[in-house]
Amino acid sequence: MPELPEVETVRRGLAPAMINRQIVQVEVRRKDLRFPFPSNFTHSLIGREILALRRRAKYLLVDLDDQMSLIMHLGMSGSFRIEEETLGNFIHVRNRLFAHDHVTFHLSNGQRVIYNDPRRFGFMLLIPTVEIMTHGYFSHLGVEPLSNLLNAEFLARGFHHRKTSVKSLLLDQHLIAGIGNIYACEALHEAKISPLRQGRDLVTQQGRPSAALKRLPKTIKNVLEKAISAGGSSLRDHRQTDGAMGYFQHQFKVYGRENESCYTCGAKKNISRIDQSGRSTFYCPGCQK
Ligand SMILES: [Zn+2]
């Protein structure tokens with residue numbers, strides 16, 4: 001399933017093709033994805049200019065010139081690709097499941113942006129731009145992990161008096177939007193914090209961040225940025241907009257590495273897997289305290 005870094009990679013890949021372009025045609029090959037397409041979906045989009053392409057949590061927000069926004073979610077298996085309309089410059093990606101191309105946006109720069117989704121858990125809807133932040137999908141969401149709002153003081157306020165484990169707190173969407181299980185494990189490892197510690201243990205009596213907690217915002221941003229750059233680095237084979245291309249597993253220090261040795265402290269066969277709130281947590285008990 002695409003996580004925040006994959007969605008951000010998709011956003012960065014699509015932005016140059018889409019921003020300041022007009023949508024000249026839209027083809028929709030099904031009535032629905034996870035939900036039915038809005039009525040007059042294509043009619044509402046044709047002729048509109050794209051002003052911005054933003055991301056909030058794992059949603060892509062396409063702001064249009066009529067004060068409406070196209071909200072897109074990749075679900076479990078959604079991906080985008082960009083193709084040139086011009087035959088001479090036609091980029092054809094082989095081995096694609098073209099049967100799962102559900103939506104094509106034809107743009108005024110001669111490119112088309114194609115949405116492919118074999119499992120169809122993705123969805124698209126249109127809402128007024130000003131209503132995004134109060135809309136049901138967005139109103140409960142916490143801070144963006146890559147923004148300046150995520151800092152040690154913020155975490156100290158959120159963790160104060162909380163008996164919940166720091167791992168579960170990092171996955172709490174009301175606090176932080178969209179870190180995801182893999183990156184929560186990796187960020188805690190890099191910060192040398194045990195995922196089992198309670199939130200309140202990382203905050204001083206005065207409600208200030210502990211030394212360990214001060215390390216955490218930076219490691220969260222690091223692991224997410226590293227994953228985004230890894231996605232961006234495959235840009236030349238134009239898979240960069242492909243939300244389904246998978247994770248960059250080789251770069252993980254703990255995730256998926258049960259019983260393997262720790263790269264950080266060198267302890268042999270030390271990476272452990274435990275269950276926390278129904279999710280697998282990977283960590284090194286040797287260097288995460
Ligand atoms: Zn270790």
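How many bridges join strand β4 to β8, and in which direction do the two run? In this predicted model, the count is six, and β4 (residues 68-73) and β8 run antiparallel. Within this pair, Met72 sits opposite Met124 of β8.

The pair belongs to a bigger arrangement: an open sheet of four strands, ordered β2-β3-β4-β8, with antiparallel pairing. The edges go to β2 (50-56) and β8 (123-128); each has a single partner strand, so one side of each is left without a neighbour in the sheet. On average, neighbouring strands here are turned by 20° against each other, if direction is ignored. Then there is helix α1 (residues 4-18), which lies across β2 and β3 (59-64) and runs at about 175° to β2.

Now for the nonpolar side of things. In soluble globular proteins, nonpolar side chains tend to be buried together. The largest nonpolar core in this model counts 59 residues, and the members that touch the most others are Ile179, Ala184, Cys185, Ala187 and Leu188. As for secondary structure, helix α6 (residues 211-232) chips in the most, giving seven residues to this core. The core also draws on both domain 1 (4-131) and domain 2 (152-283), taking at least three residues from each.

Ala187, one of those well-connected members, offers a closer look. Setting aside neighbours within four places in sequence, Ala187 is in contact with Leu216, Thr219, Ile220 and Val223. Those four partners fall within the residue range 211-232 of helix α6, the element that gives the most to this core.

Technical notes. Residues numbered from 1 in each chain as written. Predicted model: local features only at pLDDT ≥ 70, side-chain atom pairs only at ≥ 80, totals over all residues. Core = buried A, V, L, I, M, F, W, Y, C linked by C-beta atoms within 7 Å. Buried ≥ 20, exposed ≤ 12 C-beta atoms within 10 Å, placed from the backbone. Domains from an automatic or database assignment. Contact = placed C-beta atoms within 7 Å. Pairing = 2+ DSSP bridges. Axes fitted to C-alpha atoms, helices over the stretch in contact; angles between N-to-C directions.
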